[in-house]
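Hello,

I am passing a structure on to you, as promised. Please open it first, and then read my notes underneath.

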Amino acid sequence: MPEPKYVAIANKYAADIRKGVIPPNVWLPSHAEIARENGVSEIVARQAVGQLRRWGLVTTVERRGTQVLAQRDDTRLSPERQTESPETTYETEATAGVEVVIDRQSAEVVADEALADTFGIDVGAALVHETVRASEDGRPISISDSYHLPGQSPPEADILEEELSERVPPESHSEWLGVPAGEPILMVKQRYLTSADRLLMLSDVSYIPGRYRTFSFRMVLPRE
């Protein structure tokens with residue numbers, strides 16, 4: 001499936017912003033200029049600018065235009081950051097004056113065949129499903145869906161496995177993050193396990209595009 005034109009244009013500007021080619025506080029060209037430079041309609045140009053806003057790279061000021069925002073340190077420490085609460089992580093990363101809001105929804109569910117097989121439990125056994133949505137100044141930045149055994153949040157795990165990949169997120173994740181349906185984004189799959197490899201908690205975490213460029217891992221290596 002070819003990349004939409006507005007995404008290609010947004011990616012071009014995003015790369016220059018992240019590299020510092022377009023520095024903070026600079027005003028981007030008008031929609032008409034962006035359209036003319038890229039051979040597209042102003043509608044497509046507006047969509048591209050909207051995508052840059054969703055990525056947190058620019059802000060639009062009424063009657064003035066679109067201005068580049070200062071970029072945060074976009075390295076995510078992992079798994080150290082992943083074992084913190086979302087409140088601690090995002091408040092640590094947020095710039096001064098930014099309001100961080102964490103919305104949690106939790107409900108007990110029964111395990112279907114897939115979840116039962118994943119957790120090694122009986123079909124119909126109880127699990128807890130938790131959805132966590134994070135936003136900064138009203139702008140969505142992440143969403144996660146987790147399943148865990150009752151009484152295991154946070155899990156008393158010995159091992160945390162993480163798998164980072166570009167994947168098409170669930171529809172609810174795309175909708176919250178403002179990502180077009182079917183567009184791959186960076187996702188992290190987490191598995192919290194005991195030392196005997198018993199699964200206690202499974203999480204899928206989606207981040208708004210451009211939130212992080214680097215994940216830095218650190219682990220303890222055993223000595224012989």
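**What I found**

A good place to start is Gln105, whose bridge partner in strand E5 is Thr131. Please keep in mind as you look around that this is a predicted model.

That pair belongs to a longer run of pairing: strand E4 (residues 100-110) and E5 are antiparallel and joined by 11 bridges. E5 also pairs with strand E6 (residues 139-148), again antiparallel, through nine bridges. If you want a spot to click on there, try His129, which stands opposite Tyr147 in E6. E5 and E6 make a hairpin with two residues between them, and Asp137 in the turn has a positive phi of about 50°.

How buried is strand E5? Eight of the 11 residues in E5 (residues 126-136) are buried, so the rest of the structure largely encloses this strand.

Now for the helices. Helix H1 (residues 5-19) packs against helix H3 (residues 42-54) at an angle of about 50°, and their axes are 8 Å apart. That angle makes H1 oblique to H3, and the crossing of H1 past H3 is right-handed.

Which residues meet there? From H1 come Lys5, Tyr6, Ile9, Ala10, Tyr13 and Ala14, and from H3 come Val44, Gln47, Ala48, Gln51, Leu52 and Arg54. Sorted by class, this contact of H1 with H3 has eight nonpolar residues, two polar and two charged.

Enjoy exploring, and do write back with any questions.

Best wishes

Note on methods
Residues are numbered from 1 along each chain as its sequence is written. This is a predicted model: local features need pLDDT of at least 70, side-chain atom pairs count only at pLDDT 80 or more; totals for chains, interfaces and linings use all residues. Side-chain values use heavy atoms; hydrogens and water are left out. Axes are lines fitted to C-alpha atoms, for helices over the stretch in contact, and angles run from 0 to 180 degrees between N-to-C directions. Helices (H or I, at least four residues) and strands (E, at least two) are DSSP runs, numbered from the N terminus. Angles under 35 degrees count as roughly parallel, over 145 as roughly antiparallel, 65 to 115 as roughly perpendicular and the rest as oblique. A crossing is left-handed if the near helix is turned anticlockwise from the far one by less than a right angle, and right-handed if clockwise. Contact means heavy atoms within 4.5 Å. Ala, Val, Leu, Ile, Met, Phe, Trp, Tyr, Cys and Pro count as nonpolar, Asp, Glu, Lys and Arg as charged, and the others, Gly among them, as polar. Buried means under 20% relative accessible area, exposed over 50%, partly exposed in between (1.4 Å probe, protein chains only). Two strands pair if DSSP finds at least two bridges between them.
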